[in-house]
Amino acid sequence: MNHTSKIPCPNCGGNILFEPQLLAQGESFYCNTCTASIGISNTSQVQAKSAMNQFNRLKKELK
């Protein structure tokens, strides 16, 4: 199940829509206004994936 989130663009302040799971897997997402991009560096992807997996496990436990 994918959930779209948004953050303000660091360049123009517009909204960048992204899916946290895909962001953690290395995908980049772009601002529709100015085409600035956000992403997670290759060196941080292992930590990001681990954090997302832990978060998803906790969500399942709370249901």
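In helix α2, which spans residues 45-62, the residues Gln45, Ala48 and Met52 are buried, where buried stands for a relative accessible area under 20%, exposed for one over 50%, and partly exposed for values in between, with a 1.4 Å probe and protein chains only. Seen down the axis of α2, these buried residues fall within an arc of 60°, so they line one face of the helix; the arc is that of the directions from the helix axis to the C-beta atoms. An α-helix has 3.6 residues a turn, so residues three or four places apart point the same way. On the other side of α2, Val46, Gln47 and Glu61 are exposed, while the cover over the buried residues of α2 includes helix α1, residues 20-24. The model is a predicted one, in which local features require a pLDDT of at least 70 and side-chain atom pairs are counted only at pLDDT 80 or more, whereas totals for chains, interfaces and linings use all residues. Residues are numbered from 1 along each chain as its sequence is written, and side-chain values rest on heavy atoms, with hydrogens and water left out.

The length of α2 agrees with expectation, because its 18 residues should span 26 Å at 1.5 Å a residue and its end C-alpha atoms are 26 Å apart; the expected span is 1.5 Å times one less than the number of residues in the helix. Ser50 is also found in α2 and is partly exposed, with a relative accessible area of 34%. Between Ser50 and Pro8, which are 42 residues apart in sequence, the C-alpha to C-alpha distance is 25 Å.

The chain as a whole contains two helices and four strands, arranged along the sequence in the pattern β-β-α-β-β-α; helices (H or I, at least four residues) and strands (E, at least two) are DSSP runs numbered from the N terminus. Taken along the principal axes, the C-alpha atoms fill a box of roughly 40 × 25 × 15 Å. Of the 63 residues in the chain, 22% are buried, and the accessible surface comes to about 4,800 Å², with 51% of it belonging to carbon and sulfur atoms, as obtained by the Shrake-Rupley method with a 1.4 Å probe. Among contacts with a separation of 6 or more, 19% involve residues 24 or more positions apart, a contact being heavy atoms within 4.5 Å.

The largest nonpolar core has eight residues in all, namely Cys9, Ile16, Phe18, Leu23, Phe29, Cys31, Ala36 and Ile38. Such a core is a set of buried Ala, Val, Leu, Ile, Met, Phe, Trp, Tyr and Cys residues joined through side-chain atoms within 4.5 Å. Leaving aside neighbours within four places in sequence, the core residue Leu23 is in contact with Phe18, Phe29, Ile38, Gly39 and Ile40.

The structure holds zero disulfides, a disulfide being a pair of cysteine sulfur atoms within 2.5 Å. Cys31 is accordingly in no disulfide, and the nearest cysteine sulfur, that of Cys12, is 3.6 Å away; Cys31 counts as buried, at 2% relative accessibility. Cys12, in contrast, is partly exposed at 38% relative accessibility and lies in the loop between β1 (5-8) and β2 (15-18). The C-alpha atoms of Cys12 and Cys31 are separated by 8.6 Å, with these positions 19 residues apart along the chain counted as their separation. Not counting residues up to four places away in sequence, Cys12 touches Cys31, Thr33 and Cys34.

Cys34 lies in the loop between β3 and β4 and is partly exposed, with a relative accessible area of 25%. The sulfur of Cys34 is 3.7 Å from the closest cysteine sulfur, in Cys9, and this is too far for a bond. Beyond neighbours within four places in sequence, Cys34 is in contact with Cys9, Asn11 and Cys12. Ser44 stands 10 residues from Cys34 along the chain, and their C-alpha atoms are separated by 25 Å. Thr35 is found in the loop between β3 (29-30) and β4 (37-38), where its phi is near 70°, a positive value in a residue other than glycine. Thr35 is exposed, with a relative accessible area of 58%.
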